[in-house]
Structure formats: C-alpha cells, structure tokens
Amino acid sequence: GAQQMSWSDPAKLVVAAPKFKLIGGTTTAPTKTETKPNPASAMTAYTGTGFAISLPSGWTSGKTQAGASFAAKHGAQTNLAVAQQPGRGSQSLAQWEQTLVALAKSKGATAVTSSLVKEPGGNAVYLAFHAANQTNVKAATLEEYYFDAGTKAYLVIFDMPSSAEPGLRADIAKIVASFRLTSN
C-alpha cells in the first residue's frame, strides 16, 4: 500500500495456469508389488513385573543380574537392563533430574548430560555419561532412562563401549519408545 518508497507505478499481474506436454518415452502400466515384512525391523515383546519392553532383532534377552528384573545383550559388550528404583517422591521432575545427575557424579561418572524426556511410556529423566571399567572395557558409555511411576521408577540402562554407541542409536530409540508401564 505505501507508494512513497516505490520505484515505479503499481502494475497489475495476472498469473496463468502452467502449460506443458509430455514428449517421448514409453508408457507402462503400474505393477503391483507385494510388500514383505522387513525382518531387520521386527520387534520381540517381553513383559516384566510392572513393565513391558520390545527388542529389535539382533538383541537377545539374557540372564538377569542382581538388582535387575530384565536383561538383554547385543553382541558381546552391549548390555541392557531394566530395574525398579525408588521414585522421585515429592520432587518435581526437574529436581529429580538434578538428584539423579548428582548421584551419577558421586559414583564417578564423567561428562554427564541430562534432560527430561516424554516417551510413549511416560515422563523420564535421560542421563548419558562415560564411566571407566564398565563391563571390562576401557571406556564405556552409559545411557539411562528413569521412567517416573509415582512412588517407584523403572531404570532402563544401556551399557556399551563408547565406540559402539553411534551404531546402536536407532536400536536404543526403538527400545526406549517400546517401553510401557503396566499394572503389575
């Protein structure tokens, strides 16, 4: 509307529909292809006391260790465990996050990063850090998800060599997205 700064008089512009035609080539009728399930994306469901979780192919459930109610492995040095933990009590999620960061640091964790995440299974505190001498490897990356379940929490923890973490990123995301609290 303001014409004081214009360089020329306003002009009308009419936009027409595009005109085109196809030249050359052959036409073929579309073919129907049958879609087969991708075995690499298959998930196997497991149920524990108070939770359910699914694993992508390549992960195997295994013998649980002390304090864990579910365990799984991927390869020789990558571990997954689910364990029931004390809940956040009267703390807000943000306060609980800071408590969990302090706890990890008190146990010797270095380079701790944290965030509050909303997963399909509920609110969780995410922690990632490096720890020495985990699972007999020199440098380990631990990723922990503390799912809030009121008076209790469920810890989903991944322990892997630092070099393996980038290649497992998609699997970890699928596993965490599959985690659900149940009424058990």
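**View 1. Gly108, just past the end of helix α1.** Right after α1, Gly108 takes a positive phi of about 95 degrees. This is a predicted model, so that angle, like everything else in these views, is a computed value.

**View 2. Helix α1 and its two sides.** How far apart should the ends of α1 be? With 14 residues at 1.5 Å a residue, the helix should span 20 Å, and its end C-alpha atoms are indeed 20 Å apart, so expectation and model agree. Look next for Trp96, Glu97, Leu100, Val101 and Ala104, which are buried in α1. Viewed down the helix axis, the buried residues sit within an arc of 140 degrees, so they line one face of α1. The general rule behind such a pattern is that an α-helix has 3.6 residues a turn, so residues three or four places apart point the same way. Lys105 and Ser106 are exposed, and they are carried on the face of α1 turned away from the buried side.

**View 3. Thr113 in strand β6.** Thr113 has its place in β6, which covers residues 110-119. Is Thr113 buried, partly exposed or exposed? Its relative accessibility is 43%, and because the partly exposed class runs between 20% and 50%, Thr113 counts as partly exposed. Leaving out residues up to four places away in sequence, Thr113 touches Tyr126, Leu127 and Ala128. Val101, one of the buried residues of α1, is 12 residues from Thr113 in sequence and 8.0 Å from it in space, C-alpha to C-alpha.

**View 4. Ser54 in strand β2.** Move to β2, residues 51-56, to find Ser54. Ser54 has a relative accessibility of 15%, so it counts as buried. Which residues does Ser54 touch, once those up to four places away in sequence are set aside? They are Met43, Thr44 and Ala45, plus Ile175 and Ser178.

**View 5. His74 in strand β4.** His74 is found in β4, a strand that runs over residues 70-74. At 25% relative accessibility, His74 counts as partly exposed. Ignoring its neighbours within four places in sequence, you'll see His74 in contact with Gly58, Trp59, Leu168 and Asp171. Asp171 is worth picking out here: 97 residues separate it from His74 in sequence, yet the two C-alpha atoms are 9.9 Å apart in space.

**View 6. The largest pocket.** The largest pocket has a volume of about 820 Å³. Its lining takes in 38 residues, and the closest to the pocket centre are Ala81, Leu142, Glu144, Leu155 and Ile157. Which elements each supply at least two lining residues? They are β4 (70-74), β5 (78-86), α1 (93-106), β7 (122-134), β8 (137-149) and β9 (152-161). β5 gives the largest share, with six residues. As for chemistry, the lining has 21 nonpolar, 11 polar and six charged residues.

**View 7. Stepping back to the whole chain.** The protein chain has two helices and 10 strands. Follow the sequence along and the pattern reads β-β-β-β-β-α-β-β-β-β-α-β. Of the chain's 184 residues, 34% count as buried. Among contacts with a separation of 6 or more, 46% are between residues 24 or more positions apart.

Notes
Residues numbered from 1 in each chain as written. Predicted model: local features only at pLDDT ≥ 70, side-chain atom pairs only at ≥ 80, totals over all residues. Heavy atoms only, no water. 1 Å grid on protein atoms, 1.4 Å probe; cavity = no way out; pocket = protein on both sides within 12 Å on 5 of 7 lines; lining within 4 Å. Points joined across faces, edges and corners; volume = space filled by probe spheres on them. Helix = DSSP H or I, 4+ residues; strand = E, 2+ residues; numbered from the N terminus. Nonpolar A, V, L, I, M, F, W, Y, C, P; charged D, E, K, R; others polar. Buried < 20%, exposed > 50% of the residue type's maximum accessible area, 1.4 Å probe, protein only. Contact = heavy atoms within 4.5 Å. Expected span 1.5 Å × (residues − 1). Arc of directions from axis to C-beta.
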